Amino acid sequence: MKQLKEGDYEVEMPLVQGHDEIASLSRQFKEMVDYVRANNKALEEKVQERTLGLMQSEKKLNIILDSVEAYIYIKDARYRYLYANKKTCDLFGMSLEDVIGKEDSAFFDEATSRILRSVDVQVIQYGKKMTREEVNTDISGEVTTAYLSTKIPLQDEEGTIYALCGISTDITERKKTEELIKSLAFHDALTGLPNRRMLDERLRFFMTQSKRTGQCGALMVIDLDNFKPLNDTFGHKAGDELLVDAAKRLLACVRESDTVARFGGDEFVVLVTYLGEEEEKAREELHKIATKLLSVLSQPYRFENHYHSFTHICSMSIGGTLFLGNQKTVDDILKEADGAMYDIKAKGKNGICIV
């Protein structure tokens, strides 16, 4: 009985022989011990079965988490890693054992670590679910990657937040594609200049600025007069090279606040800003700019191919118009400048008309 009291249920239980009260008590006591032993054995088998089940479930879960094309991790209330799936460990270049217990500063540069901590604080301290795009730079400062990350708080039975779980997916290529699509939507593919859509936006923006500041602006339409003969004689490759060169010359002649755009073909448009408050002086300044453009763009264009080198000279027709604030619409400004350009073409080309 003392051994049983100390938890030793494997003790041998000799039976007291006979028919008296002690013998009867001995049999009952042995039956009780056998019953406890059977229950313990059944309980141990059940615990072993459940433990095996948990281990198998955990193994399956780890297999799933390690095969997911996402970075999955858990951080404790002190912002240290408690868990990281294989993809996250591969990103950090460490085993899970080496990742556990470390903070983001062990893997990312100072600026990234600071931003990540500010987001994690919102999750851990205030229980917020945070979904945002992140641009993270590794600790070397050389590799920058864009992620879409979701972080949620983990709570115990009492509702206390003890950790956060995060899942991040690499969206670097998607962001590059978005930037490319955006660039194509607002820029000419050949020259890289703004297209009609971007020019319209910038023109509307400066019209608002012009109304507020009282500064005049102007729009010039430039058409290359003898561009087609180059295309017909030497092919589109030469024509494309001339357009790219012409775009560079235009950009070199204007200020940073001005905009050079290509509308297609051999037609360029220049938005000139902040020409002053007096219309006549603004007109004089615009004419100086147009004269400079005419001179620079009329310089010979040089070409080389596998067979020979040659030059080509393009004259041009430049039409321009002044505007102040919202006194004219965008369409009116474009029509006036375009009309001025066609007036020059009708009078023999290679000239300037400011209306």
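Before anything else, a word on terms: when I call a residue exposed I mean over 50% relative accessible area, and buried means under 20%. With that settled, hello everyone. Please keep in mind throughout that this is a predicted model.

Let me begin with the whole protein. There are 11 helices and 12 strands. The radius of gyration is 40 Å, well over the 20 Å from the globule rule for 355 residues, so the protein is more spread out than a compact globule. You can see that in the C-alpha trace too, which spans about 140 × 55 × 30 Å along the principal axes. Of the 355 residues, 37% count as buried. And if we take contacts with a separation of 6 or more, 56% of them come from residues 24 or more positions apart.

Now to the sheet I'd like you to find on the screen. Five strands make it up, in the order S7-S8-S6-S11-S12, and this open sheet has mixed pairing. S7, residues 259–264, and S12 stand at the edges with a single partner strand each, so one side of each has no neighbour in the sheet. On average, neighbouring strands here are turned by 20° against each other, direction ignored.

Take the S7 edge. S7 pairs with S8 in the antiparallel sense, over five bridges. If you want a pair to click on, Ala-261 stands opposite Val-269 in S8.

What packs on these strands? Helix H9 lies across S6, S7 and S8, and runs at about 10° to S8. H11 also packs on the sheet, where it touches S6, S7, S8, S11 and S12, with its direction at about 145° to that of S11.

Let's stay with H9 for a moment. This helix has 18 residues and reaches 26 Å from first C-alpha to last, close to the 26 Å expected at 1.5 Å a residue. Its buried residues include Leu-242, Leu-243, Leu-250 and Cys-253, and Arg-249 is buried as well.

Next comes H10, my favourite one to rotate on screen. H10 covers residues 279–297, so to speak a 19-residue helix, and its reach of 27 Å is close to the 27 Å expected. Which residues of H10 are buried? They are Ala-282, Leu-286, Ile-289, Ala-290, Leu-293, Leu-294 and Leu-297. These cover an arc of only 140° around the axis, which puts them on the same side of H10. The spacing makes sense if you recall that an α-helix has 3.6 residues a turn, so residues three or four places apart point the same way. Turn H10 around and, on the other side, you meet Glu-280, Lys-281, Glu-284 and Lys-288, which are exposed.

And what covers that buried side? The cover includes two elements we have just met, strand S8 and helix H9, along with strands S6, S9, S11 and S12.

Let me move to another part of the chain, around S1, S4 and S5. S1 and S5, the latter being residues 161–170, run antiparallel and are joined by six bridges. Here Tyr-73 stands opposite Gly-166 in S5. S5 also pairs with S4, residues 144–155, again in the antiparallel sense, over nine bridges. One of the pairs there is Tyr-147 with its bridge partner Asp-170. S4 and S5 form a hairpin with five residues between them, and in the turn Gly-159 has a positive phi of about 90°.

That brings me to backbone angles. Most residues other than glycine have a negative phi. Two residues in this model are worth a look on that count.

One is Tyr-79, with a positive phi of about 65° although it is not a glycine. Tyr-79 sits in the loop between S1 and S2. Is Tyr-79 buried or exposed? At 9% relative accessibility, Tyr-79 counts as buried. Leaving aside neighbours within four places in sequence, Tyr-79 is in contact with residues including Lys-102, Arg-117, Val-121 and Ile-124. Tyr-79 and Lys-102 are 23 residues apart in sequence, and their C-alpha atoms are 8.4 Å apart.

The other is Asn-350, also not a glycine, whose positive phi is about 55°. Asn-350 is found in the loop between H11 and S12, which takes us back to an edge strand of the sheet. At 41% relative accessibility, Asn-350 counts as partly exposed.

That's my tour, so thanks for listening, and I'm happy to go back to any of these places on the screen.

How values were computed. Residues numbered from 1 in each chain as written. Predicted model: local features only at pLDDT ≥ 70, side-chain atom pairs only at ≥ 80, totals over all residues. Heavy atoms only, no water. Helix = DSSP H or I, 4+ residues; strand = E, 2+ residues; numbered from the N terminus. Expected span 1.5 Å × (residues − 1). Buried < 20%, exposed > 50% of the residue type's maximum accessible area, 1.4 Å probe, protein only. Arc of directions from axis to C-beta. Contact = heavy atoms within 4.5 Å. Pairing = 2+ DSSP bridges. Axes fitted to C-alpha atoms, helices over the stretch in contact; angles between N-to-C directions. Rg over C-alpha atoms; globule rule 2.2 N^0.38 Å.
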